[in-house]
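Here is a short walk through a protein model, taken one region at a time. Have a look at the sequence and fold, and then let's go through them together.

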Amino acid sequence: MYNTNRRKFLELFGCGCCGLVLSSCAQVPITERRQLRIFPEAKINAQAAAVYNQFKSKEKVSLKGKDLDKVKNIGNNIEYAVAKYFENEKLEDPTKNFEWEYLIVENEKIINAWCMPGGKIAVYRGMLNLAENEDQLSIVMGHEIAHAVAKHSIERQSQAVTLQLGTQIADIFLGGAINRTRNTVGGNTGLDIFQVGILNPFGRQQETEADYLGLIFSSMARYDIRQSIPFWKKMSEQNKGKEPPQFLSTHPSSENRINNLTKWINEVIIKYPPLA
């Protein structure tokens with residue numbers, strides 16, 4: 001009786017999970033990669049906007065000035081290019097509900113930029129100092145905007161919840177074998193097998209996808225995407241000796257990143273020329 005009930009439960013659970021996954025499947029624009037989204041975009045965007053406002057109140061930021069005007073100009077050009085591309089292709093614009101906002105974080109030690117869901121963007125002073133021209137800065141901003149366009153944050157949250165739920169259910173019927181293995185490997189090596197085997201490769205996939213989409217967005221916005229190579233070579237020099245092995249990172253290595261960009265540049269210039 002127990003085995004029969006267990007089989008029935010697993011069948012029902014499996015069907016339920018399949019239904020959830022199938023009903024929540026979506027595609028990344030342009031790359032057409034299938035992705036899981038089980039959270040409503042409006043909710044994630046609202047949460048991001050609240051965090052962004054909190055960040056503005058706590059950090060030293062610039063909300064006006066020539067440098068911010070430059071950042072906004074690049075962002076506006078990419079905004080327009082993205083919207084125009086989907087209009088031309090008669091496809092739904094993934095940025096139609098974005099409320100774009102830009103700021104500069106006055107920190108020269110941090111070389112970074114990010115774009116939250118819904119188009120909330122920050123560029124650190126350290127990144128402005130590193131980028132030699134607007135073309136190079138467009139590569140960075142195109143990459144970060146690509147994360148938002150591809151809904152990567154929603155996908156990451158969806159994956160994390162699905163992985164946690166699936167592991168808990170499976171462990172019930174495996175007598176805790178998954179968690180025991182995870183704890184044993186972690187205790188012996190200091191590594192989380194889920195992080196190394198699932199989450200890190202997934203993160204690298206998203207970063208590589210954002211590199212590709214960002215290159216497309218910069219090209220369509222009339223920037224010289226060939227500048228991506230000298231820029232990432234400079235970033236590689238900045239990170240020399242600091243980069244972990246790729247399998248321990250959520251980002252591709254600088255070498256692989258440069259190789260990918262080199263491979264894509266001519267294709268992108270031809271397939272995604274500047275939009276008038």
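The lining of the second largest pocket is made up of 8 nonpolar, 3 polar and 8 charged residues; here Ala, Val, Leu, Ile, Met, Phe, Trp, Tyr, Cys and Pro count as nonpolar, Asp, Glu, Lys and Arg as charged, and the others, Gly among them, as polar. A word on the source: this is a predicted model, where local features need pLDDT of at least 70 and side-chain atom pairs count only at pLDDT 80 or more, while totals for chains, interfaces and linings use all residues. Residues are numbered from 1 along each chain as its sequence is written, and side-chain values use heavy atoms, with hydrogens and water left out.

Now to helix α2, residues 41-58 (helices are DSSP runs of H or I with at least four residues, strands runs of E with at least two, numbered from the N terminus). Its buried residues are Ile44, Asn45, Ala48, Tyr52 and Phe55 (buried means under 20% relative accessible area, exposed over 50%, with a 1.4 Å probe and protein chains only). They lie on the same side of α2 because they cover an arc of only 95° around the axis, taken from the directions from the helix axis to the C-beta atoms. On the face turned away from that buried side, α2 carries the exposed Ala42, Ser57 and Lys58.

Last comes the sheet, which is open, has 4 strands in the order β3-β4-β6-β5 and shows mixed pairing (two strands pair if DSSP finds at least two bridges between them). β3 (61-62) and β5 (113-116) stand at the edges with a single partner strand each, so one side of each has no neighbour in the sheet.
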